[in-house]
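Student: Could you walk me through this structure a piece at a time? I would like to ask questions as we go.

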Amino acid sequence: QAQLVESGGGLVQAGGSLRLSCAASGSIFSDNAMGWYRQAPGKQRELVAAITSGGTTKYTDSVKGRFTISRDNAKNWVYLQMNSLRPEDTAVYYCAAGHASGSEYSFHLWGQGTQVTVSS
């Protein structure tokens, strides 16, 4: 059964770094776009970063220059390197698998999420 499993969340001080990892099982990885979403308490889930199977990336404006998404197609892993973290980055982060059409992404499979907490 296809599934996504995130790891790497935790508590970090503002200005610190974390790297999130997502392991993809089954046949969901190689041809799919992958992404990271986040949802803070009381807020809607937002797309943080996405990457196509060919390596094209997309970021939400608030994380540009601080976060980097990457993927290892041989090992079926996707990563989110988060630097210069801010308290407003606090959220549950979700890995997602889906498809890209031009600059638009649609996701249909989600992980369980990992908590990231940034203290001020």
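**The disulfide and beyond**

Tutor: Let us begin with the bond between Cys22 and Cys95, where the torsion about the S-S bond is about -80°, so the disulfide is left-handed. Please keep in mind that this is a predicted model.

Student: Which parts of the chain does the pair Cys22 and Cys95 tie together?

Tutor: Cys22 belongs to strand S3 and Cys95 to strand S9, so the pair joins parts that are 73 residues apart in sequence. The sulfur atoms of the two cysteines are 2.1 Å apart, and the structure holds one disulfide.

Student: Are Cys22 and Cys95 buried or exposed?

Tutor: Both Cys22 and Cys95 are buried.

Student: OK, what about the largest nonpolar core, which residues touch the most other members?

Tutor: That core has 28 residues, and those touching the most other members are Leu4, Trp36, Leu80, Met82 and Tyr93. Several elements give two or more residues to this core, including S3, S4, strand S8 (77-82) and strand S9 (91-101). As general background, nonpolar side chains tend to be buried together in soluble globular proteins.

Student: And what does Met82 touch?

Tutor: Leaving out residues up to four places away in sequence, Met82 touches Gly16, Ser17, Leu18, Leu20, Arg66, Phe67, Tyr93 and Val116. Apart from the largest core lies another core, made of seven residues, among them Ala33, Tyr37, Ala50 and Tyr94.

Student: New topic: how many aromatic pairs does the structure hold?

Tutor: The structure holds five aromatic pairs. In one of them, the rings of Trp77 and Tyr79 have their centres 6.2 Å apart and their planes at 5°, so this pair is stacked. The rings of Tyr105 and Phe107 have centres 6.0 Å apart and planes at 0°, so that pair is stacked too.

Student: Why does Trp77 count as partly exposed?

Tutor: Trp77 has 29% relative accessibility, and partly exposed covers the range between 20% and 50%. Its partner Tyr79 has 15% relative accessibility, so Tyr79 counts as buried.

Student: And Tyr105, is it buried or exposed?

Tutor: Tyr105 is at 15% relative accessibility and therefore counts as buried, while Phe107 is also buried, with a relative accessible area of 13%. Ring pairs link Tyr105 and Phe107 with Tyr37 and Trp110 into a cluster.

Student: Which residue lies over the face of Trp110?

Tutor: That is Arg45, which lies 4.8 Å from the ring centre of Trp110. In a similar way, Arg19 lies over the face of Tyr79, at 4.3 Å from the ring centre.

Student: Let's switch to the loops. Where does Asn32 lie?

Tutor: Asn32 is in the loop between strand S3 (18-24) and strand S4 (33-39). With a relative accessible area of 8%, Asn32 is buried. Setting aside its neighbours within four places in sequence, Asn32 is in contact with Ser53, Arg71, Ala97, Gly98, His99 and His108.

Student: One last residue: where is the place of Gln3, and what does it touch?

Tutor: Gln3 is found in the segment before strand S1 (4-7), and at 46% relative accessibility Gln3 counts as partly exposed. Not counting residues up to four places away in sequence, Gln3 touches Ala23, Ala24, Ser25, Ile28 and Leu109. The C-alpha atoms of Gln3 and Ala24 are separated by 6.0 Å, although these two are 21 residues apart along the chain.

Note on methods. Residues are numbered from 1 along each chain as its sequence is written. This is a predicted model: local features need pLDDT of at least 70, side-chain atom pairs count only at pLDDT 80 or more; totals for chains, interfaces and linings use all residues. Side-chain values use heavy atoms; hydrogens and water are left out. Helices (H or I, at least four residues) and strands (E, at least two) are DSSP runs, numbered from the N terminus. Buried means under 20% relative accessible area, exposed over 50%, partly exposed in between (1.4 Å probe, protein chains only). Contact means heavy atoms within 4.5 Å. Rings of Phe, Tyr and Trp (its six-membered ring) pair if their centres lie within 6.5 Å; planes under 30 degrees apart count as stacked, over 60 as edge-to-face and the rest as tilted. A charge sits over a ring if NZ of Lys or CZ of Arg is within 6 Å of the ring centre and within 35 degrees of the ring normal. A nonpolar core is a set of buried Ala, Val, Leu, Ile, Met, Phe, Trp, Tyr and Cys residues joined through side-chain atoms within 4.5 Å. A disulfide is a pair of cysteine sulfur atoms within 2.5 Å.
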